[in-house]
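Thanks, everyone; I will put the structure up now and then talk through a few parts of it, beginning with a single residue and moving outwards from there.

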Amino acid sequence: MATFICRVQFLDDTDPFNSTNFPEPTRPPVYTFREDISLINQIAGVHRLLKAPHKVDNCALQLSHNGSYLDLESTLAEQKDELEGFQEEGGRGRKHSVILRTQLSVRVHACIEKLYNSTGRELRRALFSLKQIFQDDKDLVHEFVVAEGLTCLIKVGAEADQNYQNYILRALGQIMLYVDGMNGLISNNETVQWLYTLVGSKFRLVVKTSLKLLLVFVEYTESNAAFLIKAVEGVDTKRGTKLWSNVMEILDEKDGVDTELLVFAMTLINKTLAGLPDQDSYYDMVDCLEEQGIEATTHRHLSRKGTDLDLTEQFNIYEMTLRHEDGDDETKLPPSGRKERRRASVDGTNERRGLERRRSRRHSLQSSRGHSSAPASPSSPHTRLSGTQPPALGGLLTSSYRQHQESLAAEREKRRLEREERLQRIEREERNQMDFTDLGDEDDMDILDMDTVTEPPDHIPPVPPPLFCPALPPPPPLFGCPPPPPIFGKMMPPPPPFMAAIPPSSPQMSRGEAPLFQKKKKTIRLFWNEVRPVDWQCKSHKFCKESLWSKLEPIKLDTSKLEQLFESKSKEVAVTKKAAVDGKRQEIIVLDSKRSNAINIGLTVLPPPRTIKTAILNFDEYALNKEGIEKILTMIPTEEEKQRIQEAQLVNPDIPLGSAEQFLLTLSSITELSARLQLWAFKMDYELIEKEVAEPLQDLKEGMDQLEKNKTLRYILTTLLGIGNFLNGSSAKGFELSYLEKVAEVKDTVHKQSLLHHVCSIVVEKFPDSTDLYSEIGAITRLTKVDFDQLQDNLAQMERRCKASWDHLKVIAKHEMKPALKQKMSDFLKDCAERIIILKIVHRRIINRFHAFLLFLGHPIYGAREVSIHRFTKILSEFALEYRTTRERVLQQKQKRANHRERNKTRGKMITDVSGVYVSQSFVSNPAQGMLSAEDAAEHENMKAVLKSGLQGGDSPTSTVPGLRTRTRASSTRGHDDLVNCTDDTADEIMERIVRSATQGPSQRTQPRERRRSRVNRKSLRRTLKNGLTTEETNAVGLSGASEMQV
């Protein structure tokens, strides 16, 4: 029994907004963990030892030396890698400890709940503390993103004032500094939409912080540019404004001159354009900006004296990149722009590439203006156009791609609706339709009664078992002689051919052959009943052409591992099960002394007595339902009761009858009451009874097909067969499926894991396309609730009641009965009779097919009749359910290991760390890049030092648990100013330096990426408006009459 002795402490973080950073107690006690028991079963002992304030169900265990959380569902032996380095002493001779604290998910949900439910000062404090919470525990960021915390911030921020929004933006900036947080932002486009919405805020600090966060988002990786454009489209389309209108309002200086905001806004545009891979998306964005007058804005700022150098550089980058994309070869591409974008051609050839390439709206309008009779000066940004033709031309050039996208979106929506309609139709058909059309004439003959199933004369019968049975069955008939006739009135199964051959313990030992497997250790045995599929003469039947076991593919097993796992170390303890004793159906007996009370109680659920007589005579289903008819059947008065009521009424004519007596007297006045009620009850019951008979038969037919075609079942059987043959040292071809109920009880002698667990692990590893089996045999699961003996009785009862209903109808017809009602009931009974006959045929064929299916599974002929459908399906269903549970456990453990490996790749990693993550080149440290002076180089080195230090300034040098600090003496008073100053921490400095590097020093591309070329060799709208189109270009776009357009 391996143990793990270590120190334990707890961290009081039950309230994440008011938690301590110091584990307690200062002198931690020692706790002894069992390495072979899951931690979930030991955490209560740790909780009692520490007397922690947490709820046991909310606790988690964290290692102080690396901050990792232990998996409570696993044992310490399974988490040896996490404990590496734990026993080593920390700084200053301190030993590491296991810390009991609140689970991450519980803390995150507590944060979200408080943000949703708090108001006023409490909400302000919570939002203000949120950034520090994420700083103290880096693992919270991942859980916060997974728990839809970003959505919570958006909802709270949408209804908050500008101060609260600033707090939320601070917390969001802290989240974005981690790779997990940035990935969450990428997958949650609503957060990016909210940030863009805040760009249009009236408060400068909110706008500034939003622009900075969007800059960091776009700068992180080039693919984020497309995500930002998607967010902008979502916001501006919903508002009914032009795209990028919020940014253009900043550039137009509608709220006054603010150079810093101008630099951030123009940098965001340039960074977004630089991240676009193809010209269509590039020109779509550029044309939107050109339509809103970015050209005039650029000229105004560049012509103004004293314009900030950073702002001038950003405007120049935009202009140079646009001219380069429009094909001006003399224009040199700025350092931060793309060298080349991929262009798409209409017909895929290069001859017309110069004519077909897309250009910007400005380029198209300029080209159009160049061919007009009155050209305008391109130097004047305020020149007005006369007429509407040139803008229409530019609109045509820019809208082709959008129209194509809209058509694709409409086609996708149409296909989605068709797919949903088709799925709904299939679901309705599966729910309402039962198909028995595949039952043929061959199913009329029971394969067990056929003479062809007998063994051929040259076949050697199996060796009879030892004579230990108290009563032997009669001997089989001699070959060639017919069997004796069955006794009349009894269905006796045919005698078995001799006795069931009990397989020897080791076939190889009985034949004197060498064992199939060389085992160094003795292993446990699987006590199954071996089946021996043989080639016999009945091959014309569907299920008997070949056996299930002949279709299985052999599997290669790790015999050394199996030998170690299932080594026989001790005598297994026999497991006894108590058979479920089905109690007798309880019968309710009503005493005659309570007759009146019973009738009065029944009247409370029936319609008024005066309407009951008319409803029964007219078979009115709206006035009286099935339950009411059944209740009245129990109230039918006897002749004695009717006589006594009538005599009492005659003796006392002035005294009214009681309610029960009056009701019975009313019923007695209806002719053939019992016949009417019985016929009516059968009419109402028939649909339900038929459904109770037909649906199980349909399920049995479908269940056999599901088992026959199920790949996962074959994978399981071949794996189990291979393991069993190895453990038994045999070469069995198959085994009876009744052994499946014992698979979960067999355990290995090392880890005490069940055989089912190992089978499931092998199947998952060897056969990735396998499923959980349980979800694929739904018909088998439904059959576990069906008693087929009762089903057969119900079918016979249906036939008897149908015949009795004919007699009832004849009796009723003798009395007054409407012709239409009589015809309706007659047609109903005829239809019922036909359907009952069909059901009887279906029942016989389904049972015969089940017998053939048992032979297909390897069951011996003599025992197939005795196999209960209920028990057969119950074994398979319960095994499938256990297999699904085990499979989920195996996959969960596998996914936990994979998630743990993935989490370790990004856990606590800053976005400035480029190891294993592709980020923008602005994040890569390169002193020679973008440095204009020795002062900038020194600034760069200073930034590298800050990034290396990260956020570890507040953590203890001897502990890596997030937020844990050593106790230090502090001054007795701390003012509010100190609390505010503490927010200007390393994270803010990192964020500021990232933004500064993005706005002041555009990075060089070592390997510039190309954008995809547009379909029509597109250029910018500005160039089109100024330069116009050539004759070839006009013909290429189908505007042969362009010469008639006037500017």
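Let me start with T272, which is found in helix α12 (residues 259-274), where helices are DSSP runs of H or I with at least four residues and strands are runs of E with at least two, numbered from the N terminus. Before going further, this is a predicted model, in which local features need pLDDT of at least 70 and side-chain atom pairs count only at pLDDT 80 or more, while totals for chains, interfaces and linings use all residues. Residues are numbered from 1 along each chain as its sequence is written, and side-chain values use heavy atoms, with hydrogens and water left out.

Is T272 buried or exposed? T272 counts as buried because its relative accessibility is 0%, the cut-offs being under 20% relative accessible area for buried, over 50% for exposed and partly exposed in between, with a 1.4 Å probe and protein chains only. If we set aside its neighbours within four places in sequence, T272 is in contact, meaning heavy atoms within 4.5 Å, with V218, A225, L228, I229, W244 and M285.

M285 takes us to the next helix, since I269, T272 and L273 in α12 meet Y282, M285, V286 and L289 in α13. By class, this contact has 6 nonpolar, 1 polar and no charged residues, with Ala, Val, Leu, Ile, Met, Phe, Trp, Tyr, Cys and Pro counted as nonpolar, Asp, Glu, Lys and Arg as charged, and the others, Gly among them, as polar. Helix α13 covers residues 279-291, and the two helices pack at an angle of about 155° with their axes 10 Å apart, the axes being lines fitted to C-alpha atoms over the stretch in contact and the angles running from 0 to 180 degrees between N-to-C directions. The pair is therefore roughly antiparallel, as angles over 145 degrees count as such, under 35 as roughly parallel, 65 to 115 as roughly perpendicular and the rest as oblique.

A second helix pair is α30 (residues 788-813) and α31 (residues 819-856), whose axes come within 10 Å and cross at roughly 160°, which means that α30 is roughly antiparallel to α31. Their contact involves, among others, L791, L795 and W806 of α30 and M825, L829 and I836 of α31, and by class it has 15 nonpolar, 4 polar and 4 charged residues.

As for the whole chain, there are 38 helices and 6 strands, and buried residues make up 44% of the 1047 residues.
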